[in-house]
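Here is a request to go through some labels attached to a structure and ask what each one rests on. The questions follow the display.

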Amino acid sequence: MFADIIIDITHEKLDRVFCYRVPEQLTGALEVGTEVIVPFGRGNRETRGYVVGFSEKTDYELSRVKEIIRAADESVAIESRLVALAAWMHEHYGGTMIQALKTVLPIKRKEQPREKRRVRLLLEEEEGKKQLDVYLHKNQKARARLLAGLLDQPEQEYELVTKKLNITMPVIRALEEQGVLALDSEREFRNPVRHRVKQRQEVEYTKEQRNVIDTFWGDYREGIRGTYLLYGVTGSGKTEVYMEMIHRVVQEGKQAIVLIPEIALTYQTVMRFYGRFGDRVSILNSRLSQGERYDQMERVRSGAVDVMIGPRSALFTPFSDLGLIVLDEEHESTYKSEQVPRYHARETAIERAAIEGASVVLGSATPSLESFYRCRRKEYTLLELRNRTQSLGLPDVYTVDMRKELENGNRSILSDRLKGMIALRLERGEQTMLFLNRRGYAGFISCRACGYVVKCPHCDVSLSAHRNGRLVCHYCGHEEPSVSACPSCGSTFIGGFRAGTQQIEDIVKKAFPKARVLRMDMDTTREKDGHEKILESFASGEADILIGTQMIVKGHDFPNVTLVGILAADMSLYSNDYRAGERTFQLLTQAAGRAGRGSGKGEVIIQTYSPDHYSIRMAAAQDYEGFYEAEMEYRELMGYPPVEQLLAVLMTGRDEQLLEKAAGYVKEYVVRIGRGGRLQVIGPASPGVGKVNDVYRKVLYIKCGEYRLLTEAKNRLEQYIEINRGFQTLRIQFDFNPMNVF
């Protein structure tokens, strides 16, 4: 028996698999993820490694294969469980084991620790004064200045001494050698949540909140570690419920991870958690420096952190005794990685919880169809919060038919009704949020006169406009010529949407010159803490109107916002994606939920060319279950997830003809192994962008009712690709139930 082992993965140059013989006494005692001690290098020094796989034979010369010395000490290393998780990700999402390891172990090198130094006086006051006289007598001005400063304040920070007293290190060293002072040094961790102290307010839970907490805690105390879906309307107090669950788990000596979909949510979330848990809370996100990220891992390993908050990568925080993982806004597509391995944080969190013996709580006002579907099948436990806290009502939602606005001569992106309601808020001193729905921008062709959208006749998704004047389906490859007049009503007002947040800002400033306007998008949040600065400014009342894309409508709580305007609601509705209806409903419902979270009544305007579409109607009515039933009928009819499973095979290469040929071979092979027709193949087709930097792209989709069969198909495809030389110059990736079109 042989074991594949990763050696000392903190070193990039050793980031590969080595083969070792498993000794007889360890046969059956090792498993994937076990930490072992092995001889390594010419000197056969004892080195730690991690088992990542087993095999009955090896391609290496047997005399050169070394033997594992022993399993590591009794305690299982934190990283070992993460390696086991990486092995699961490798199996379920494809890619190499090294790619999976790099994902779960993001900190691979040590950073220079930051030290905090202090200068401390060792002499008693009387003795110090005598020594000061000596320095003055010898005209040693710098030494006298330093000692005089320490007599006034016996312990001072090193930076203060050197700058304020203008003292150099040689002077400090001289007094240290004379026994006058001591230069102390201690490790100072870079803490990204510093200066966020917030007084905690006592919470009086509603009956619904208490029922949810009691259900979770009753299971937890009985040793049940389940997966829960917390379905609560916007403003129902889901975050307070999370915090109480986490508090009880932490009281048991466990730790918790809280995942959020956007960096933009970090500010308010951390403020609330910091008020409850103090400096036992930390954050991880891509805006942190390498030193900050490394220090957070060190704080975790030292036991100084109980709660880690952050986007997807925070899931791999190396807690030693994890008790709970929370995914807030679990429906968000940002929980799906677009890099290999293309894992989904929801499924990966559930697997990590199974490895660690922890519970998982998924929370959303608009749950993903996958999660609600699993609740209906009793795979998850459904917890519900159907009412807002503090007896607040849901906002009043109005839809504006932009076709009628055009008939009335208004060609602006702002309807007359929305303009009037913004003006009223400015008079009252209340705030407005304008949400530009930019999802699906690359896309579809629609008529502004009647709302008609050009769709694929085979896949029921919109066709995408390409520069060559063709309309293309990115699922099956269907093409047809573009149109200059609406096929339904004949209007020439047909085309794509062109406005962006900057143009909206200009329009709003022109319409309301006295209004204070903030814009939040990728351009205005590039710098570190950019999200925080804009949100903090808006929260403190420094602006009347906040304009932004989806990052402004997720989870934020601004009590003075009484109006939300949703511009171009149809943008996501007709994107070239089978999830378009679901995403539209979620975005509109989440956006509407930002209004009326304080004492003022909230109102929402949805501007649309498709007011009769079920996604728009159900979002206006805040009716999730009605939407779920309508959307599931469509998914069942078309055979899309969660009813059936979908695997995308993504192929790229510089030789267009070779890529075309290879895609055909892949399709033929899948049909051949298709388990009696249980695997349905769609494509291959060119994606939205067929060539990037002289690299051509193709995609084909495989449908099946069982995820297990798709995993088997992926494994067999990987073997087929590996043994066929024709694929060597191509890059082929796999994406299970993709969240975005390739």
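**Helix contacts and other labels**

In this predicted model, Gly581, Glu582 and Phe585 of α18 meet Tyr624, Phe627, Glu631 and Arg635 of α20. By class, that contact of α18 with α20 has three nonpolar, one polar and three charged residues.

Q: What makes α18 roughly antiparallel to α20?
A: Helix α18 (residues 580-592) and helix α20 (residues 624-638) pack at an angle of about 170°, with axes 10 Å apart. Angles over 145 degrees count as roughly antiparallel, so α18 is roughly antiparallel to α20.

Q: Why is α12 called roughly perpendicular to α20?
A: Helix α12 (residues 369-376) packs against α20 at an angle of about 95°, and the axes are 11 Å apart. The range for roughly perpendicular is 65 to 115 degrees, therefore the label applies to α12 and α20.

Q: Which residues make the contact of α12 with α20?
A: From α12 come Leu369, Phe372, Tyr373 and Arg376. They meet Tyr624, Glu625, Phe627, Tyr628, Glu629, Glu631, Met632 and Arg635 in α20. By class, this contact has seven nonpolar, no polar and five charged residues.

Q: Why do arginine 301 and glutamate 298 count as a salt bridge?
A: Their side chains meet at 3.5 Å, N to O. The cut-off is a side-chain nitrogen of Lys or Arg within 4 Å of a carboxyl oxygen of Asp or Glu, so the pair of arginine 301 and glutamate 298 qualifies. Both residues lie in helix α10 (residues 290-301), three residues apart, about one turn of the helix. The structure holds 42 salt bridges.

Q: What lines the second largest cavity?
A: The lining consists of Tyr231, Val233, Thr234, Ala365, Phe585, Thr589, Gln622, Asp623 and Tyr624. By class, five are nonpolar, three polar and one charged. The volume of this cavity is about 60 Å³, and the structure holds four cavities of 30 Å³ or more. Phe585 of α18 and Tyr624 of α20, both in the lining, also take part in the contact of α18 with α20.

Q: Where are the prolines that follow the cis peptide bonds from valine 340 and glycine 683?
A: The bond from valine 340 to proline 341 is cis, with omega near -5°, and proline 341 is found in the loop between β13 (322-328) and α11 (345-356). The bond joining glycine 683 and proline 684 is cis, with omega about 5°, and proline 684 lies in strand β28 (residues 680-685).

Conventions. Residues are numbered from 1 along each chain as its sequence is written. This is a predicted model: local features need pLDDT of at least 70, side-chain atom pairs count only at pLDDT 80 or more; totals for chains, interfaces and linings use all residues. Side-chain values use heavy atoms; hydrogens and water are left out. On a 1 Å grid over the protein atoms alone, a cavity is a set of points where a 1.4 Å probe fits but cannot get out, and a pocket is an open set with protein on both sides within 12 Å along at least five of seven lines; lining residues have an atom within 4 Å of a point. Grid points are joined across faces, edges and corners, and a volume is the space filled by probe spheres set on the points. Ala, Val, Leu, Ile, Met, Phe, Trp, Tyr, Cys and Pro count as nonpolar, Asp, Glu, Lys and Arg as charged, and the others, Gly among them, as polar. Axes are lines fitted to C-alpha atoms, for helices over the stretch in contact, and angles run from 0 to 180 degrees between N-to-C directions. Helices (H or I, at least four residues) and strands (E, at least two) are DSSP runs, numbered from the N terminus. Angles under 35 degrees count as roughly parallel, over 145 as roughly antiparallel, 65 to 115 as roughly perpendicular and the rest as oblique. Contact means heavy atoms within 4.5 Å.
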